[in-house]
Amino acid sequence: MMIIPSTILILFAFSLLACSSDNDKLGGGAVEGNTVEAEYKVEPVQIDSIREVVGESAIDSHPKEFDNCEWYSILLNSPRETYFDFFDDIDASESCLVNLYPEQNSIEYLGFIDVDKSSEGIEWKTTHEVIYIVPTDRGVAINEKVENSYVFYPPFLCEKLMEPYRESCQERGGVFQTPPGGCECGVRFTCTIELPFLTKPVRETLEDVAEQLKNSCMEEVQAYTRN
């Protein structure tokens, strides 16, 4: 059984060349032969977050700021567009959903895989991923926030499950971060990739990434189904 990280090679989408006629193009496009590499800006958008603490007690309604499992969920509250929706209507064992939030320069991915027992002992896995693009002083930041949940036979090999995501993020020049408590907080992490600019308008960039998430989901479904 193969586990495919839901954090896909997003830099592939950003490396695609775009034509230079869009209204959002910045100056400084480079001409190489017959190809024009355009530079596109990202407008500031409203991105709010909700503070959570993993395993927070109902009695302790005011957890300390230094809690090892502090986590911030991204609040996506703008109009939503469904890009892809897959549901196994035979036994409901696999599903995935890719939503676009253009007003927040964001994508949300929800995935569920159910297997009897994999080589890693996983019985089922859920993934919640949010990718959002924001402007920075130096250009653009692409943030991926991922939260995976598993049910499987012990032991819980958190570090083994986390490593492919860490390697993928670092190979793309990203900064990989987990809650301070690391694996005691489960498989939760953020990968932040900074770029000087986008090479496509934000909308097209989001759609490229959504298409890759769709393909990644179906590859993962097939990998689990074969096992």
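Let's start with the largest nonpolar core. It holds 35 residues. Keep in mind that this is a predicted model. Which members touch the most other members of that core? They are Val98, Ile107, Val187, Phe189 and Leu213.

Now, where does the core come from? Several elements each give two or more residues. On the strand side we have β2 (35-40), β6 (94-101), β7 (106-114), β8 (122-136), β9 (139-152) and β11 (187-195). On the helix side we have α2 (158-171) and α3 (202-226). The largest share is from α3, with seven residues.

Take Ile107 as a worked case. Leave out its neighbours within four places in sequence. What is Ile107 then in contact with? Val98, Asn99 and Leu100 are on the list. So are Glu129, Val130 and Ile131. Leu206, Val209, Ala210 and Leu213 complete it.

There is also a second, separate core, this one of seven residues. Among them are Leu76, Tyr101, Val130 and Ala141. Note Val130: it belongs to this second core, and it is in contact with Ile107.

On to the pockets. The largest one has a volume of about 250 Å³. Its lining counts 15 residues. Which of them are closest to the centre? Trp71, Tyr72, Lys145, Gln177 and Thr190.

By element, β4 (70-75), β9 and β11 each give two or more residues to that lining. β4 gives the most, four residues. Both β9 and β11 also give residues to the largest core.

Last item, the chemistry of the lining. We have seven nonpolar residues, six polar and two charged.

Technical notes: Residues numbered from 1 in each chain as written. Predicted model: local features only at pLDDT ≥ 70, side-chain atom pairs only at ≥ 80, totals over all residues. Heavy atoms only, no water. Core = buried A, V, L, I, M, F, W, Y, C linked by side-chain atoms within 4.5 Å. Buried < 20%, exposed > 50% of the residue type's maximum accessible area, 1.4 Å probe, protein only. Contact = heavy atoms within 4.5 Å. 1 Å grid on protein atoms, 1.4 Å probe; cavity = no way out; pocket = protein on both sides within 12 Å on 5 of 7 lines; lining within 4 Å. Points joined across faces, edges and corners; volume = space filled by probe spheres on them. Nonpolar A, V, L, I, M, F, W, Y, C, P; charged D, E, K, R; others polar.
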